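Student: I'd like to learn how to read a fold like this one. Can we go through it feature by feature?

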Amino acid sequence: GKNESWRLWILYLVMLTRNARIFITRFYHCVQTVFTRYIGVTPAMAESQTTDTGRESPKPEEGEEKRPQFGGRFLTNPEDVFQHNAWDNIEWDEEQEVTARKKTQEQLNSALSTEKQEEYEELADEYWNKFYQIHQNRFFKDRHWLFTEFPELGPDVKPNEDVKSVVDSPAFPGQGAKRRILEVGCGVGNTVFPILQTNNDPELMVYCCDFSSTAVQLVKEHPDYNPDTCHAFVCDVTDDKAEIPFPDQSLDIIILIFVLSAISPEKMQYVLNRLAQLLKPGGKILFRDYGRYDLAQLRFKKGHCLSENFYVRGDGTRVYFFTQEELRDMLTKAGLTEEQNHIDRRLQVNRGRQLKMYRVWIQCKYRK
Ligand SMILES: C[S@@+](CC[C@H](N)C(=O)[O-])C[C@H]1O[C@@H](n2cnc3c(N)ncnc32)[C@H](O)[C@@H]1O
């Protein structure tokens, strides 16, 4: 009756405003893209990087570069705390856990609306594009920890055999390679280029993808990018229609470094299932990401929490904080076997300002 049609009209109007908003934001981002490409960073964009959270930006490993290797320096006498820049395997006491739990509960109490959550999900790639337009490759890190933590990425590693379906598959880039590595969410190539340089092996193919076309473009413009040994492509790994330029069961290694945390928690299991299909039997996922109650989580101010342990930064990029159990659960559900699931609790110290910063990272290796 009349009531029904009113309800339909209202629903229609709600849908229209929501889509219009998304359309306008996308359009706005497009204009900004043109601006940054031809004119440089607009003041508005530069500002969006320094919002109320200030330092919040995807710099996952602040301070890590100063250290030779993980797990080597232990704090036995609390009075020594300001003697060094960092301490490994720090134990958290009950009180510290309770304070952290309380803090995250408070953040959750002021969680953003579902509408806002959907908007950040819908526009996730745009926010990352914007991030890379502003920072370009200034976030480039010298990751010398990469090969000590993941010797699987270095030379002298025997590749797994190709299965028949891969040998028989229609031509694909890297088909002739003996060993194939994929980095998901590669950004500007912080991991890809060290791997290519260290291995210098014509039989190795390194694939890398990111859903930010700006990031992929930067990888392709890098002087070390050579299509014979590296294939960068734009791909949203949460999209079940995404085209992957190589067949299932063709990869020796998949690398996930600070990338699963950028994906909505509801889509993580799908992503891991899909990635597991791409591995050869015996192939591995190598993972490093944020752990629960890391300093980066605890310092989020009100109005940044999207859902439990999932946040949006001032620049619109998102971040999740994992426990070891959550990762174990998802990775085994994807049909993989645990080789490593390690929590890295480090105390970083700013000696000048007498500041203590508790960092938490998780590192995993799971085999098919
Ligand atoms: C914190 S950055 C890490 C970049 C890189 N792995 C590194 O360690 O330097 C997260 C990256 O994941 C990418 N990303 C986020 N969600 C993605 C998705 N659904 N599909 C593909 N890439 C994604 C972002 O564009 C960004 O480059």
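Tutor: Sure. Let's start with a term: strands here are DSSP runs of E with at least two residues, numbered from the N terminus. Keep in mind that this is a predicted model. The protein chain has twelve helices and eleven strands, and Val360 lies in strand 11.

Student: Is Val360 buried or exposed?

Tutor: A residue is called buried if 20 or more other C-beta atoms lie within 10 Å of its own. Val360 has 23 C-beta neighbours inside 10 Å, so it counts as buried. Across the protein chain, 33% of the 368 residues fall in that class.

Student: Which residues is Val360 in contact with, leaving aside its neighbours within four places in sequence?

Tutor: Those are Gly291, Arg292, Tyr293, Asp294, Ile343 and Arg345. Also, Asp289 sits 71 residues away along the chain, yet its C-alpha atom and that of Val360 are separated by 8.8 Å.

Student: Now the sheet. How do strands pair in general?

Tutor: Strands of a sheet pair through backbone hydrogen bonds, either parallel or antiparallel. In this model, eight strands form an open sheet with mixed pairing, in the order 1-10-11-6-5-2-3-4. Strand 1 (86–87) and strand 4 (230–234) are at the edges with a single partner strand each, so one side of each has no neighbour in the sheet.

Student: In what sense do strand 10 and strand 11 pair?

Tutor: Antiparallel: residues 337–350 of strand 10 and 355–367 of strand 11 are joined over 13 bridges. One bridge to look up is that of Gln348, whose partner in strand 11 is Met357. As for packing on the sheet, helix 8 (residues 192–199) touches strand 2 (179–184), strand 3 (204–210) and strand 4, and its direction makes about 175° with that of strand 3.

Student: And how do I describe two packed helices?

Tutor: By the angle between their axes and the distance between the axes. Take helix 5 (residues 124–135) and helix 9 (residues 213–221): the angle is about 40° and the axes are 7 Å apart. The two helices are therefore oblique to each other. From helix 5, Trp128, Asn129, Tyr132 and Gln133 meet Ser213, Thr214, Ala215 and Leu218 of helix 9. By class, that contact has four nonpolar, four polar and no charged residues.

Student: Which residues come nearest to the ligand?

Tutor: Trp128, Gly185, Gly187, Phe211 and Ala262, out of 21 residues around the ligand. That shell holds 14 nonpolar, five polar and two charged residues.

Terms used. Residues numbered from 1 in each chain as written. Predicted model: local features only at pLDDT ≥ 70, side-chain atom pairs only at ≥ 80, totals over all residues. Pairing = 2+ DSSP bridges. Helix = DSSP H or I, 4+ residues; strand = E, 2+ residues; numbered from the N terminus. Contact = placed C-beta atoms within 7 Å. Axes fitted to C-alpha atoms, helices over the stretch in contact; angles between N-to-C directions. Near = placed C-beta within 6 Å. Nonpolar A, V, L, I, M, F, W, Y, C, P; charged D, E, K, R; others polar. Buried ≥ 20, exposed ≤ 12 C-beta atoms within 10 Å, placed from the backbone. Parallel < 35°, antiparallel > 145°, perpendicular 65-115°, else oblique.
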